[in-house]
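Hi there,

Here is the structure I promised to pass along. Have a look at it first, and then read my notes below.

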Amino acid sequence: MTKQVLILPGDGIGPEITAEAVKVLEALKASDNLDIEMTEDLVGGAAYDVHGVPLADETMDKAQASDAVLLGAVGGYKWESLDISVRPEKGLLRLRKEMNLFANLRPAVLFPQLASASTLKPEVVAGLDILIVRELTGGIYFGQPRGIRTLENGERQGYNTYVYSESEVKRIAHVAFQAAMKRNKKLTSVDKANVLEVTEMWREVVDEIAPQYPEVEVKHMYVDNAAMQLVLNPKQFDVMVTGNMFGDILSDEASMLTGSIGMLASASLDENNKGMYEPSHGSAPDIAGQNIANPLATILSAAMMLRYSLGREDLAVKIENAISKVLDQGLRTGDIYSDGMTKVSCSEMGDAVVAAL
Ligand code: IPM
Ligand code: MG
């Protein structure tokens with residue numbers, strides 16, 4: 001049966017990078033019987049400009065009815081001073097929450113061709129292959145109460161709530177343990193249990209589940225130390241599991257180990273592997289519309305979509321191999337460019353991946 005894929009390009013470089021991923025998917029439809037139908041809709045600032053909200057109810061319904069969603073990026077200067085309730089980011093957060101996409105998988109894998117593109121020494125990052133499992137629908141991003149209030153003395157006070165219930169920790173921990181079982185069987189759970197009770201409980205729940213996965217070696221690490229260890233000795237990590245905000249921060253940090261945030265894909269999954277796929281980077285409004293962005297994170301996200309939601313592991317591998325080939329050919333967008341390589345535009349990179357398929 002034809003699978004339905006909703007494409008949400010969003011803002012900034014979003015439309016440019018998703019266009020390249022769509023190009024790759026179209027090529028696979030023609031060459032490899034990829035049976036999908038793609039429809040496009042608005043999210044983020046682009047949706048706000050038309051509907052007055054960053055995600056229209058009709059778009060939410062379409063996302064729920066689709067087999068998978070591929071999203072570019074949201075946000076930009078133009079919408080920064082809007083009320084927080086209608087900012088572009090809220091469209092993305094609504095999709096995650098209402099589709100129940102609690103498991104965010106962010107692989108930080110170094111293509112060997114890019115070892116010199118990282119700001120870290122090649123020997124520190126060569127062979128790097130980390131999977132960050134980030135809880136995506138809870139924690140301080142969604143905790144209530146939240147807001148900005150005025151105290152009796154007239155001073156304003158901003159507040160958010162960092163909260164996790166046991167069941168939320170359990171389900172993300174299971175995802176992480178299962179991922180570790182398929183990899184090197186090493187799991188690092190990241191918390192701030194020395195200060196925050198919510199993560200003290202997180203640590204306890206992870207330890208309670210661990211006996212169900214006796215082969216997995218579990219370590220706990222405070223988030224400040226984890227941030228340091230990621231640049232000191234990143235290859236000590238296999239799977240890392242953590243809450244929503246720590247995962248947001250650590251995944252940006254980990255992306256730079258791979259040479260550029262323009263290489264980091266992500267999958268956000270519900271209990272049934274229905275998912276939304278997006279590059280881990282943002283909308284980069286400073287370079288939007290110039291056709292210079294790196295589309296590879298989005299193309300790699302499309303590969304993850306084929307793997308997890310569309311049952312086409314074969315085509316996921318095919319895309320990954322094509323990207324490797326293009327890097328072998330020396331083609332680089334500006335963010336991963338180094339001397340002696342050939343600098344290409346966003347669309348040229350997409351074309352090269354299609355040619356390499
Ligand atoms: C990410 C982004 C989002 C997040 C923003 C755009 C809301 O930084 O996907 O990492 O904080 O989750
Ligand atoms: Mg982020």
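**The loop after S5**

Pro145 sits in the loop between S5 and S6. Please keep in mind as you read that this is a predicted model. A cis peptide bond, with omega about 0°, joins Gln144 to Pro145. Gly143 belongs to the loop between S5 and strand S6 (147-150) as well. Is Gly143 buried or exposed? With a relative accessible area of 3%, Gly143 is buried. Setting aside neighbours within four places in sequence, Gly143 is in contact with Thr161 and Val163. Gln178 is another matter: 35 residues separate Gly143 from Gln178 in sequence, and their C-alpha atoms are 27 Å apart in space.

**Helix H7 and its surroundings**

Helix H7 covers residues 197-209, and its length adds up nicely: at 1.5 Å a residue, these 13 residues should span 18 Å, and the end C-alpha atoms are 19 Å apart, which agrees. Which residues of H7 are buried? They are Val198, Thr199, Trp202, Val205, Val206 and Ile209. Seen down the axis of H7, these buried residues fall within an arc of 110°, so they line one face of the helix. The general background is familiar: an α-helix has 3.6 residues a turn, so residues three or four places apart point the same way.

The cover over the buried residues of H7 includes three helix and strand neighbours you may want to display, among them helix H6 (166-181), strand S8 (186-191) and helix H9 (244-257). Strands S5 (129-135), S9 (217-222) and S10 (239-242) are also included in that cover.

Ser189 gives a view of this region from strand S8, where it is found. Its relative accessibility is 0%, so Ser189 counts as buried. Not counting residues up to four places away in sequence, Ser189 touches Trp202, Val206, Lys219, His220, Met221 and Val241. Two of these contacts, Trp202 and Val206, are among the buried residues of H7. The C-alpha atoms of Ser189 and Val133 are separated by 9.5 Å, with their positions 56 residues apart along the chain.

**Helix H3**

In helix H3 (residues 57-65), the buried residues are Thr59, Met60 and Ala63. They cover an arc of only 105° around the axis, which puts them on the same side of H3. Asp61 and Ala65 are exposed on the other side of H3. What do the buried residues of H3 pack against? Their partners are strand S1 (3-10), strand S3 (68-73) and helix H4 (88-98).

**Two residues with positive phi**

Asn100 is not a glycine, yet its phi is positive, at about 60°. Asn100 lies in the loop between H4 and S4 and counts as partly exposed at 31% relative accessibility. Lys185, also not a glycine, has a positive phi of about 60°. Lys185 is located in the loop between H6 and S8, and at 27% relative accessibility it counts as partly exposed.

**The largest pocket**

The largest pocket has a volume of about 940 Å³. Its lining is made up of 37 residues, and those nearest its centre are Leu105, Leu131, Arg183, Met304 and Tyr308. Strand S4 (103-109), S5, H6 and helix H10 (296-308) each give two or more residues to that lining. By class, the lining has 21 nonpolar, 5 polar and 11 charged residues.

Happy browsing, and best wishes!

Key. Residues are numbered from 1 along each chain as its sequence is written. Chains are lettered from A and ligands numbered from 1 in the order in which they are written. This is a predicted model: local features need pLDDT of at least 70, side-chain atom pairs count only at pLDDT 80 or more; totals for chains, interfaces and linings use all residues. Side-chain values use heavy atoms; hydrogens and water are left out. Helices (H or I, at least four residues) and strands (E, at least two) are DSSP runs, numbered from the N terminus. The expected span of a helix is 1.5 Å times one less than its number of residues. Buried means under 20% relative accessible area, exposed over 50%, partly exposed in between (1.4 Å probe, protein chains only). The arc is that of the directions from the helix axis to the C-beta atoms. Contact means heavy atoms within 4.5 Å. On a 1 Å grid over the protein atoms alone, a cavity is a set of points where a 1.4 Å probe fits but cannot get out, and a pocket is an open set with protein on both sides within 12 Å along at least five of seven lines; lining residues have an atom within 4 Å of a point. Grid points are joined across faces, edges and corners, and a volume is the space filled by probe spheres set on the points. Ala, Val, Leu, Ile, Met, Phe, Trp, Tyr, Cys and Pro count as nonpolar, Asp, Glu, Lys and Arg as charged, and the others, Gly among them, as polar.
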